[in-house]
Amino acid sequence: MIGIVSDPVFMDHDTGCYHPESSLRIQYIHTLFYQKNPGIKMIDPVIARVDDIALNHDMSYVRKIAGCCRTHDLVNLDMDTVCCEDSYNIALLAAGSLIRLTEMALNQEIDAGFAFVRPPGHHALKARAMGFCIFNNVAIAARNALKYQGIKRVMIVDFDVHHGNGTQDSFYNDKSVLYFSTHQYPFYPGTGGVSDTGRGKGLGYTVNCPLSAGKRDGHFIAVYRYILAPVVQAYEPELILVSAGFDAHAMDPIGGMDLSSKGFGAIAGIIRDAACHVSAPIIFALEGGYNLNALKDSVACVVDIMKGQASPEIQPVSGQELDTMIETHGRFWPLVRQ
Ligand SMILES: [Zn+2]
């Protein structure tokens, strides 16, 4: 059974006219779940406690966001991150819903989950909103699971076209959360070089897989098959959280990659199969994805995979960038070299 949070309430985070991170994104995805869908359990959104948010963010920052949302006007938190009167509550609902799905998966009430929430989270730093993100939903859910759910190892997989600088920053010194990312590079926000592999006790537990623009399904499949799968096998996470952004789609107006909707399904298939080997539940959280039809199609492909459909056959494509990743990450994860 797949647990799905998809609720029109997430449309109430108003970013103004012409903002790519618009309410329509939720409206398009929500049409996939209008009808009763076998194998899917709809879960109501749940509001996070402020203490949960504070597991990953400075309390002064949480208060600042609450204050910004007390006005009736839209407030710019940074160049491209906007909040409205409802945004604070909606951001609490986004994080809380992801926490709820994570708890349900760890309690075996669902096999996997997908939280179709906004605002997205992976650029949000401990005390700073950026890149359309206010609170870092996956980081908060990871910290909650480590503190309250009795697990010791969480893996975060991020296939958004942008590097999740906020998530990396939260766990850069920490081996209890392994951060794995494929992203366009160089690109916004500028972080995520292959040699950024963590620090101190976290050295080796940040696995960045940067790809230059224009990469197709096969290039991504090679990275997921030859790097993600062996890292999952070696790290043995007890929970996998996925920052599921769909802005690497060929049709996306922001990203410069060439992935197909089927390609996202194939990526999800590799994550699913790797997770199955170590018995880790997977919870997806929506991040980017700004072409509405491409977003909806890609989400449908990923949900089908999580319901057990066979993965699409896509031939992996190797290259110099993959060789550099294998060389770099193979130093910490010998299985990657085999
Ligand atoms: Zn993105």
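A nonpolar core is a set of buried Ala, Val, Leu, Ile, Met, Phe, Trp, Tyr and Cys residues joined through C-beta atoms within 7 Å. Here, "buried" is about crowding: a residue counts as buried if 20 or more other C-beta atoms lie within 10 Å of its own, as exposed if 12 or fewer do, and as partly exposed in between, with C-beta atoms placed from the backbone. The model is a predicted one, where local features need pLDDT of at least 70 and side-chain atom pairs count only at pLDDT 80 or more, while totals for chains, interfaces and linings use all residues. Residue numbers start from 1 along each chain as its sequence is written.

The largest nonpolar core holds 113 residues, and Leu-98, Leu-228, Leu-241, Ile-271 and Ala-285 have the most contacts inside it. Helix α4 (residues 87–106) chips in the most, with 12 residues. As for names, helices (H or I, at least four residues) and strands (E, at least two) are DSSP runs numbered from the N terminus. Contact between two residues means that their C-beta atoms, placed from the backbone, lie within 7 Å. Setting aside neighbours within four places in sequence, Leu-228 touches base with Val-157, Phe-180, Val-223, Ile-270, Ile-271 and Ala-274.

Next comes the sheet. It is open, has eight strands in the order β2-β1-β5-β10-β9-β6-β7-β8, and its pairing is parallel; strands pair if DSSP finds at least two bridges between them. At the edges sit β2 (40–42) and β8 (206–211), each pairing on one side only. On average, neighbouring strands are turned by 15° against each other, direction ignored. Such angles run from 0 to 180 degrees between N-to-C directions, using axes fitted as lines to C-alpha atoms, for helices over the stretch in contact. Helix α4 lies across β1 (2–6), β5, β9 and β10, and runs at about 175° to β5.

Strand β10 (residues 282–286) is mostly covered, with five of its five residues buried. Ile-282, Phe-284 and Leu-286 point one way, Ile-283 and Ala-285 the other. Four bridges link β10 in parallel with β5 (residues 112–116), and Ile-283 is the bridge partner of Gly-113. Five parallel bridges join β10 to β9 (residues 239–244), where Ser-243 stands opposite Ala-285. Ser-243 is also the bridge partner of Asp-158, and β6 (residues 154–158) runs parallel to β9 over five bridges. Finally, β9, helix α8 (residues 261–277) and β10 form a right-handed β-α-β unit: with the strands pointing away from the viewer, the path from the first strand over the helix to the second runs clockwise.
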